[in-house]
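Here's a quick briefing to read alongside the model. Grab a coffee and keep the viewer open while you go through it.

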Amino acid sequence: MSRWWPESVRRSTALAAVLLSVLVFGLGWWGIRQFVATQLSRNAVQATRAQLERVADAYHLGVIDSAALNGDAMFEVVADDGRAVVHSGNLTRLDPAWRPLPPAPRAAPHGWTTTTTAALHPGTHPQWREYRTYTVVGTVVDDVPAALVEPLGREGSTVDTGLSRAASSTHYRLTLYLFVLPWDTLSTLTLFDDTLEVFVPLAVLLTALVAWFAAGRALRPVEAIRGELAEVSGSQLGRRVPVPRSRDEIARLAHTTNATLDRLQHAHEQQERFVADASHELRSPLANLRTGLEVALAHPERADWPAVAERSLLDVRRLHRITADLLQLAVDPGRLASVEVDLADVVREQVAERSAAPGRPAVRSFVDGPARVLGEPVQLERLLRNLLDNAVRHATSAVTVTVGRDGTSVVLEVLDDGPGIPPADRERVFDRFARLDDARTRDAGGSGLGLTLAREIARRHGGSLVVADSETGARLVARLPAAGQHVD
């Protein structure tokens, strides 16, 4: 940021508005002034040319209208030999060293016109005004009687009387010049400048004030958002910033901020659940492991070390399962890969693996063609593994896995012939470390997180996992969008 440019958004907005208004009003002032000056100068030239034509007609007709030229007019009549027959007294007053303008070319016909310029240099004359270049219009008049080449009878004019006496019976060819007086133009421009010198600063000041208050009003919701965010802390993640009623960028910023706070609160709650679950569930196996080892070490000669090692290994395996499940629940769903997976292949592999294990309930599958979904292969395999672990742990003799298509969804069902799940507990079984009746407790080696993790995986893939009705045992049904129907 530049040293002279303010850091405050409100001040920088007001300053930018001032600079822009100065530029716009300044260019507008200059442009309008140039346009007005051009139009006034053009009108003055046209009016002077019309006045010159009237004087030329009067000379040609032999009738000089003394009222054709006003008292401030500056004019000059030049003969072909370059001498001024008549010129205005104002010329010699404004320029004592004035020299006549050149006559028209000898080949110029009657009515020939020209537009030129003439500069007056007052010098130290007491009636000095300023050095100025005037626009001069001229025309040619033929056959002017010598009798007319006399004083115009107007005060302030000068006549070369020697010329008129010497040529009293002769007709002359004269060039008439009339100066375009800029006084009306200058007066109008002065009034224009004086007016804008007052209104332009007022307009700039008004623009600055409007920009200042408009920026303050626009930033008021931002300040409210900032103040609310300043109050958010680890113990107050439920607070949300106010959303203005407008549908502008600030309202979208407030919605985005609240969505970010929602994600932050969710992540914080997930972290707290992870810490609470870990501290709660890891305490028991760690205590068992420590107690067993301490007792064995206290009486090493009486300890059954193979049994101690076996019990310790069971506790370590339980710790491993709990830790793995907790870490899976803490995975950010936005980091999951998304590839096409055929659940039918996953079911065949898992069923074949469990069918080879002796002393367990029989696991069989019914696959109705390909069942392709989009998702992360390891996560989907974990979903089925957890469902099968839960079913095998509580089954009496058999577990049945069915997979197939149902419209735009892939349906995966796992059914066991165990004691089943009461309707009142069908949602509670998905809670972390939920304890049901004796029929389905965790004493069979489960971590208490298998079904929780399975439902979370299904949700991450845009699907669902529920406990459905069944005649015997527990029937868990997972629905996932088929490939081409996946919803993020």
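Is Arg428 buried, partly exposed or exposed? With a relative accessible area of 34%, Arg428 comes out as partly exposed. Keep in mind that this is a predicted model. The notes below go through the cores, the salt bridges, the aromatic rings and a surface patch.

**Nonpolar cores**

- The largest nonpolar core has 37 residues, and the members that touch the most others are Leu343, Leu387, Val401 and Leu412.
- Quite a few elements chip in at least two residues each: helices H8 (343–355), H9 (377–394) and H10, plus strands S10 (398–406), S11 (409–416), S12 (464–468) and S13 (475–481).
- H9 gives the largest share of this core, with 7 residues.
- If you click on Leu412 and skip its neighbours within four places in sequence, you'll find it in contact with Val347, Leu383, Leu384, Leu387, Val401, Thr402, Val403, Leu476, Val477 and Ala478.
- There's also a second, separate core of 19 residues, and its members include Ala79, Leu174, Leu176 and Val180.

**A buried arginine**

- Arg455 sits in helix H10, which covers residues 450–460.
- Arg455 counts as buried because its relative accessible area is 10%, and the cut-off for buried is under 20%.
- Apart from neighbours within four places in sequence, Arg455 is in contact with Glu427, Phe430, Leu465 and Val466.

**Salt bridges**

- The structure has 15 salt bridges in total, and a few of them are picked out here.
- Back to Arg428: its side chain meets that of Asp425 in a salt bridge, at 3.3 Å from N to O.
- The two partners in that bridge sit on either side of a cut-off: Arg428 is partly exposed at 34%, while Asp425 is buried at 10% relative accessibility.
- Asp80, Asp142 and Arg173 are joined into one network by salt bridges that share partners.
- Arg290 and Glu294 pair up too, with 2.7 Å from N to O.
- Arg290 and Glu294 are about one helical turn apart, because they are 4 residues from each other in helix H6 (residues 283–298).
- Arg290 is exposed, at 57% relative accessibility, whereas Glu294 is partly exposed, at 43%.
- Glu340 bridges to Arg372, and their closest N and O atoms are 3.4 Å apart.
- That bridge ties together distant parts of the chain: Glu340 is in strand S7 (residues 339–342) and Arg372 is in strand S9 (residues 372–375), 32 residues apart.
- Arg372 is partly exposed, with 39% relative accessibility.

**Aromatic rings**

- A search of the whole structure turns up 3 aromatic pairs.
- Tyr134 and Phe179 make an edge-to-face pair, with 6.1 Å centre to centre and 70 degrees between the planes.
- Those two rings come from distant parts of the chain: Tyr134 is in strand S4 (residues 132–145) and Phe179 is in strand S6 (residues 171–180), 45 residues apart.
- Both Tyr134 and Phe179 are buried.
- Tyr134 also pairs edge-to-face with Trp183, at 6.3 Å centre to centre and 75 degrees between the planes.
- This pair links distant parts of the chain as well, joining Tyr134 in strand S4 to Trp183 in helix H4, 49 residues apart.
- Why does Tyr134 count as buried? Tyr134 gets that label because its relative accessibility is 4%, with buried set at under 20%.
- Trp183, on the other hand, is partly exposed, at a relative accessible area of 26%.
- Put the ring pairs together and you get a cluster of Trp98, Tyr134, Phe179 and Trp183.

**Surface patch**

- Which residues form a nonpolar patch on the surface? They are Val198, Phe199, Leu202, Leu205, Leu209, Trp212 and Phe213, and together they have about 700 Å² of accessible area.
- Val198 belongs to helix H4, which spans residues 183–231.
- Val198 is partly exposed, with 47% relative accessibility.

Key
Residues are numbered from 1 along each chain as its sequence is written. This is a predicted model: local features need pLDDT of at least 70, side-chain atom pairs count only at pLDDT 80 or more; totals for chains, interfaces and linings use all residues. Side-chain values use heavy atoms; hydrogens and water are left out. Patches are made of residues with over 30% relative accessible area and no salt bridge: like charges are joined within 9 Å, nonpolar side chains (Val, Leu, Ile, Met, Phe, Trp, Tyr) within 5 Å. Accessible areas come from the Shrake-Rupley method with a 1.4 Å probe; for residues, only the protein chains shown count as cover. A salt bridge is a side-chain nitrogen of Lys or Arg within 4 Å of a carboxyl oxygen of Asp or Glu. Buried means under 20% relative accessible area, exposed over 50%, partly exposed in between (1.4 Å probe, protein chains only). Contact means heavy atoms within 4.5 Å. A nonpolar core is a set of buried Ala, Val, Leu, Ile, Met, Phe, Trp, Tyr and Cys residues joined through side-chain atoms within 4.5 Å. Rings of Phe, Tyr and Trp (its six-membered ring) pair if their centres lie within 6.5 Å; planes under 30 degrees apart count as stacked, over 60 as edge-to-face and the rest as tilted.
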